[in-house]
Amino acid sequence: MPKTVDVLVVGAGYTGLSAAITTARGGRSTLVLDAEDPGYGCSSRNGGQISTSVKPSLARLTARFGAERARGIRAEGANALKWVGDFITGEGLDCDFRRVGRFHAAHTPQHYETLARDAEVLRREEGIESFAVPRHEQRSQLGTDAYFGGVVFSAHCSVHPGKFHPELLRLALGAGVQVVGQCRVTRIARTASGFRVETAKGAVEARDVIVATNGYTTGLTPWLQRRVIPIGSYIIATEELPEATIDTLFPGDRIASDTCKVVYYYRASPDRKRVLFGGRVSASETTPLAGAARLRQDMCRIFPELEGVGLSHAWSGTVAYSFDELAHTGVHDGVHYAMGYCGSGVSMAPYLGMRAGQKVLGLREGVTAFDGLPFPTRPLYQGKPWFLPAAVAWYRWKDQRQFRKAIRMS
């Protein structure tokens, strides 16, 4: 491990590797450190779904920041989606990238009406390609009767996360980045010339530091830790299924999600041999094995054809939410950061990592609409989401109540 570098990146996930590729290709000696093996976290253990990433609506953002800033923030979601597709294809990354579209399903008729109205607004005001699918046409998009229609977002994409991360790592190493795993950073201190970074394998002097820890942010950076909410997301994979079953459940190979507050997301595996089904399984964190039974129950509610089908894999990763449901990037005490992707980091994380790298290089194009936004926290919050179990339990009860009522009335 070097004693001195131009740029030191903390975190070897999508954000960190993308930032490192950018700085290394810009001529800066770059070192990436990770407390675990590179890719240990959610960067290799996610659902592989790529969306436009920005959760708050244009109307909500306009009320908070004004019309011009709101449009800029919303546009960054579309920018990230386009950038990651162009990056994957331009770099020739072997990661099963496909532009398949998303079916966002409504768990009640009222949610369908809202989705359909919102889709029209998105087309008219933001140019986001989408179309509503009523319940009687639902099986053309998703093989289930458990929902009440939905909206297809045609530009959304899928990727194999277990391949995407190794390909980013390959690019980083090829650019001359040094990547060191099992090397926890224990302290970041300002110096006259930059930073002294203390690690489990010795100290490193760096001109610039980028923190790219997202859901794994710790007390190493307490200001950031107070501003992100770590949330475990859990995924199961079925055993291999007949081709006809996959064709029935996912006729257009769409990725899928729904309008529940405790959201489910699912898809056919890239080889179309299994169903991958993910979501939040309990009010408090648990193990992937313990969560598998709950996920399987919900999967079979949506797809009764899968009753009796075995599971082959179960895993989890930790995402990071922010209190304002926005990603954040900037500089605090001289340290660059990008994080808080709110479960939509497959495109936003490498995109904002790239932008953070451009900022370090002093490039004007590194500026984003997220720069300078307030990064809120809450009184008494120190990074341990004590409020999460109660919130998840409440929203899960509300989702189930709404769904049962909708079924009774249908």
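**Note on the surface patches and overall fold**

1. Trp394, Tyr395 and Trp397 make a nonpolar patch on the surface, with an area of about 340 Å². The model is predicted, so the patch is a feature of a prediction.

2. Take Trp397 from that patch. Its place is in helix α10. Is Trp397 buried or exposed, or does it count as partly exposed? Its relative accessibility is 41%. Buried would need under 20%, and exposed over 50%. Trp397 therefore counts as partly exposed.

3. A charged patch deserves its own point. Arg401, Arg404, Lys405 and Arg408 gather on the surface, and the charge of this patch is positive.

4. Arg404 is one of the residues in the positive patch. It lies in helix α10, which covers residues 388–409. Its relative accessible area is 43%. That value falls between the 20% and 50% cut-offs, so Arg404 is partly exposed. Helix α10 thus holds Arg404 as well as Trp397.

5. Now the whole protein. Its secondary structure comes to ten helices and 18 strands. Of the 410 residues, 56% are buried.

6. What radius of gyration would a compact globule with 410 residues have? The expected figure is near 22 Å. The protein has 21 Å, so it agrees with the globule rule. Along the principal axes, the C-alpha trace spans about 70 × 45 × 45 Å.

Methods: Residues numbered from 1 in each chain as written. Predicted model: local features only at pLDDT ≥ 70, side-chain atom pairs only at ≥ 80, totals over all residues. Heavy atoms only, no water. Patch = residues over 30% accessible without salt bridge, like charges linked within 9 Å, V, L, I, M, F, W, Y side chains within 5 Å. Areas by Shrake-Rupley, 256 points an atom, 1.4 Å probe, with all protein chains shown as cover. Salt bridge = Lys/Arg side-chain N within 4 Å of Asp/Glu carboxyl O. Lys, Arg positive; Asp, Glu negative; His and termini not counted. Charge placed at Lys NZ, Arg CZ, Asp CG, Glu CD. Helix = DSSP H or I, 4+ residues; strand = E, 2+ residues; numbered from the N terminus. Buried < 20%, exposed > 50% of the residue type's maximum accessible area, 1.4 Å probe, protein only. Rg over C-alpha atoms; globule rule 2.2 N^0.38 Å.
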